[in-house]
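Please look through the sequence and the model below before reading on. The paragraphs that follow move from the pairing of strands to the division of the chain and the surroundings of the ligand.

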Amino acid sequence: MNDSSRTIAGGRPVPRGACPGVAAPLASGDGLLLRLRHPVGGLTPAQARAVADTARRCGNSALELTSRGNLQLRGVAGDALPAAQARLVAAGVADDDPGREAVRNVLVAPASDLDPQARADVTGLGRAVAGRIAGDPALRGLPAKTGVVIDGGGVAGIPGVYADVRVDPVAVPDGVGYRVAAAGRGADAVILGWARAEDVPGVVAGVLGRLAGIGGATPPRMAAALAERGADAFRGVPGLQTLDADTHGMTTASGPCAPGVGPAGAWVHAVFPFGALDADTLDGLAAIAEGHAGAASASLRLTPWRSVMLAGAGDDALAPLNALGAITAADDPRLGLGACVGAPGCASGSTPTRGDAAAMERMAPTLLAAGERLHVSGCGKGCGAPPTASIMLVAAEGRYAMAVTGSVAGAPDWPPAPAATVRARIAALDAVYARRRQQGESLEQLIHRLGRATVVRAVNEESERG
Ligand code: SF4
């Protein structure tokens, strides 16, 4: 094994930074990692049970929800890989054609068919786009992480998710059309035009085809292609019509959908700390979904918030979900925590990131209650890390560097230190924030008002006093 690739038993090498799948697993510290592509419209309870059974029989039972609405199995042994792949294909949650699976990276708003505030039900459109992309051989050379987002707006809209190509409903003179934009989120993606629903699959494939057609061993991601060639290189695709540059998608959500019971009892939204669950938990979710929504309409919608929405479940589902370890209350401080898998699950990790994050949560009650976020990254790769976090910790050789309102790649405010020292520093930051913030002031605003150096000095003084 070298730095640039990891070779798996029974599969092909998966380069670092690539996007693992079922056909192309990634070797990790606890075995092979198999990532299921986002299931548009959700998993049926039977599919969820099949995944749980596979995780139990072929892996180490650990499962993870990702920030792209995927579900991944951990700890699969090399000699169990063929059986795991066969089971997942038979359950209808993975393609039997690796080429189709590799390019089918489409995230669809998880509940646009249930959300009374959604501007459009995009579930069928999402399936059509995923099928069109997967079936187009010309797209198979795209970079593995090239992603498409189909949003429907409403309280369960996903405007905050980055996409190489995103599709949002917009008002057009005779009803609803679909804005097609590139390399961004709902608010900042570069608008390419709009299309009628029936044209959207072909338009998305056409835009991606132009990206795939850029020369070189591997085509660039869309942001780099736009920077180099401009948006006009992606306009003129058949079916794409001109749209004013200031036309925003009809998405209304400003952040992640709140946990708990959805509007008019349309769903119950269960968030799992760090997106981590296991086979028994997934079985439990399947049982709750069936028990509360009826077998015919039950489904488990996977979201980009590392959570599951149970269609049609109501208040009665809250207690059993809590018993499974799910967060169902909007004021739960664990919602502010994030951490990659770290050690020992990831070979690149040197610290137990999730255990450390859980211990650090207790040091930051004021910050977390105010909606600030704490993220613990096991190394500088920053898997699943947000662009910035109120408290950002990055581990190296068993110690954490810490930044306030910082990024994984940014300069830390404090050099690497053991976890115990960092916990004390977080407690000091929490005390400084509680004492010196003005009403409604965020940590970022406090730093802006007082200056970063002043805040760092105050935290150091508070640490020394404590
Ligand atoms: S960020 Fe975390 S999960 Fe990603 S490689 Fe580093 S330790 Fe592993």
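Two strands are said to pair if DSSP finds at least two bridges between them, and the strands themselves are DSSP runs (E, at least two residues; helices are H or I, at least four), numbered from the N terminus. The model is predicted, so local features need pLDDT of at least 70 and side-chain atom pairs count only at pLDDT 80 or more, while totals for chains, interfaces and linings use all residues. Residues are numbered from 1 along each chain as its sequence is written.

In these terms, alanine 389 of β19 stands opposite glycine 406 in β20, and the two strands, β19 and β20 (residues 399–406), run antiparallel and are joined by seven bridges. The hairpin that they form has two residues between the strands, and glutamate 397 takes a positive phi near 50 degrees there. Strand β18 (residues 374–377) pairs with β19 in the parallel sense over four bridges, with histidine 375 opposite methionine 392.

An open sheet of five strands follows the order β3-β4-β6-β5-β14 with antiparallel pairing, and its edge strands, each pairing on one side only, are β3 (26–28) and β14 (276–278). Within this sheet, β4 (residues 31–36) and β6 (residues 71–76) are linked by four bridges in the antiparallel sense, and arginine 35 has glutamine 72 in β6 as its bridge partner.

According to an automatic or database domain assignment, the protein chain is divided into domain 1 (5–96 + 265–323), domain 2 (112–234) and domain 3 (333–465). The centres of domain 2 and domain 3, taken over C-alpha atoms, are separated by 35 Å.

Finally, the residues around the ligand, counted if the C-beta atom, placed from the backbone, lies within 6 Å of it, include Cys340, Cys346, Ser377, Lys381 and Cys383.
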